[in-house]
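I opened my notebook to look for enclosed space in this chain. Here is what I wrote down as I went.

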Amino acid sequence: MLGANFTIIHPAVFILLGIPGLEQYHTWLAIPFCLMYIAAVLGNGALILVPSEHTLHEPMYVFLSMLAGTDILLSTSTVPKALAIFWFHAGEIPFDACIAQMFFIHVAFVAESGILLAMAFDRYVAICTPLRYSAVLTPMTIGKMTLAIWGRSIGTIFPIVFLLKRLSYCRTNVIPHSYCEHIGVARLACADITVNIWYGFSVPMASVLVDVALIGISYTLILQAVFRLPSQDARHKALNTCGSHIGVILLFFIPSFFTFLTHRFGKNIPHHVHILLANLYVLVPPMLNPIIYGAKTKQIRDSMTHMLSVMWKS
C-alpha cells in the first residue's frame, strides 16, 4: 500500500474494493456471479468446438467460434478476480497486472464489436448474393478478416497502456471497482489526464460506432432483399437465419452503450449501481450468447448433442 507521502510514481499494487456500498452482500453476490461465469465458460467452450464438426465449417460458425472465444476472454479477465474479492477479500492487484487486465477487457470489447460486424457481412453475402457466397468468403478472406479484427483491437487499445504508464500516481492506490478499467485507473494519477480522457472516449467508441453503422447498413440491405423474396416461406427462413445474430447484437450493444452513458452522464445514479452494471455487462452477454445460438440454430444444437454423447461414451 502506498505511504502517506505518496512518493511512489507507480504503486506496487492497487486495491480493488469490489462493489463499494454493497460490501455486506459480496458473499451472496458471488454465488450468482460464479454460476453465470461457469455457464458462460462451458457454453462458449462448446461453441468454440462447433467448427471442428466436419459439417459446420461454414464461415458463420468460424466467426461464432471467435465470438465465443472473445466472450471467454472478456469474462475470464474480470470475474475470477471479482470472486476473489467477494469471497476472500483479495483486493490487491499488482500495477502491471492491473494494466494487463484493463488491456484484455478493452481489447475483447473492440474485438467483439468487429466480430459482430463480420457476422453481419456474412449474413449479407448469404442472403443478398447467395450464389457468390463461397467465392466471396474464402478461407483466405476469413483469415484476413480475423487479422483485421484483432489487429484493429490491439492497435486501438495498446496506446492506452503507454498513456497509463506515463502517469505519476500519487493520490491513492484504492480503486472503487471490482476490476481495472482505463479511466478508473487514470483518475488516480496526480498528472493531467486530458489525453487519456479524449483518447479513451473517442478512439475506441469511434471504432465501435463505425461497426454499428455498418451493421445497420448491412441489415437494411438484408431486409430489402428479404422482402423482395417471392414466397413467405423463403422470407421466414431468411429472417430466421438472422434472428440469433440480431439478438446477440442487441445483447452486446444495448447494455454496453447503456453502461457507458450512465457512467458518463448518470451523475445521480449511485456508484454501486454503476459498478454492478459493469459487472453484469461482462457476465450476462457471454452467458446468454450460447443459449441464443443454441436455441435458434438446429445445426448447433445437433452438434452440441453429438459432442456431449461422444464425451459421455468416452
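**Notes on the cavity**

I started inside: the largest cavity holds about 610 Å³ of space. This is a predicted model, so I keep that in mind throughout.

I then asked how many cavities of 30 Å³ or more the whole structure has. My search of the whole structure turned up one.

Next I looked up what surrounds the space. I found 26 residues lining the largest cavity, and those closest to its centre are H106, Y179, E181, T259 and F260.

Which elements give two or more residues to that lining? I listed α4 (95–128), α7 (182–186), α8 (194–227), α9 (232–265) and α10 (271–281). Of the elements, α9 has the largest share, with seven residues.

I also sorted the lining by residue character. I got 15 nonpolar residues, nine polar ones and two charged ones.

**Notes on the whole chain**

Stepping back, I looked up the secondary structure and noted 12 helices and three strands.

I checked burial too: of the 314 residues in the chain, 48% are buried.

For the outside, I noted an exposed area of about 15300 Å² for the chain. Carbon and sulfur atoms supply 72% of that area.

My last look-up was about contacts along the sequence. Among contacts with a separation of 6 or more, 78% are between residues 24 or more positions apart.

To close the page, I went back to the cavity once more: its lining draws on α9 for seven residues, and H106 and F260 are among the residues closest to its centre.

Terms used:
Residues numbered from 1 in each chain as written. Predicted model: local features only at pLDDT ≥ 70, side-chain atom pairs only at ≥ 80, totals over all residues. Heavy atoms only, no water. Helix = DSSP H or I, 4+ residues; strand = E, 2+ residues; numbered from the N terminus. Buried < 20%, exposed > 50% of the residue type's maximum accessible area, 1.4 Å probe, protein only. Contact = heavy atoms within 4.5 Å. Areas by Shrake-Rupley, 256 points an atom, 1.4 Å probe, with all protein chains shown as cover. 1 Å grid on protein atoms, 1.4 Å probe; cavity = no way out; pocket = protein on both sides within 12 Å on 5 of 7 lines; lining within 4 Å. Points joined across faces, edges and corners; volume = space filled by probe spheres on them. Nonpolar A, V, L, I, M, F, W, Y, C, P; charged D, E, K, R; others polar.
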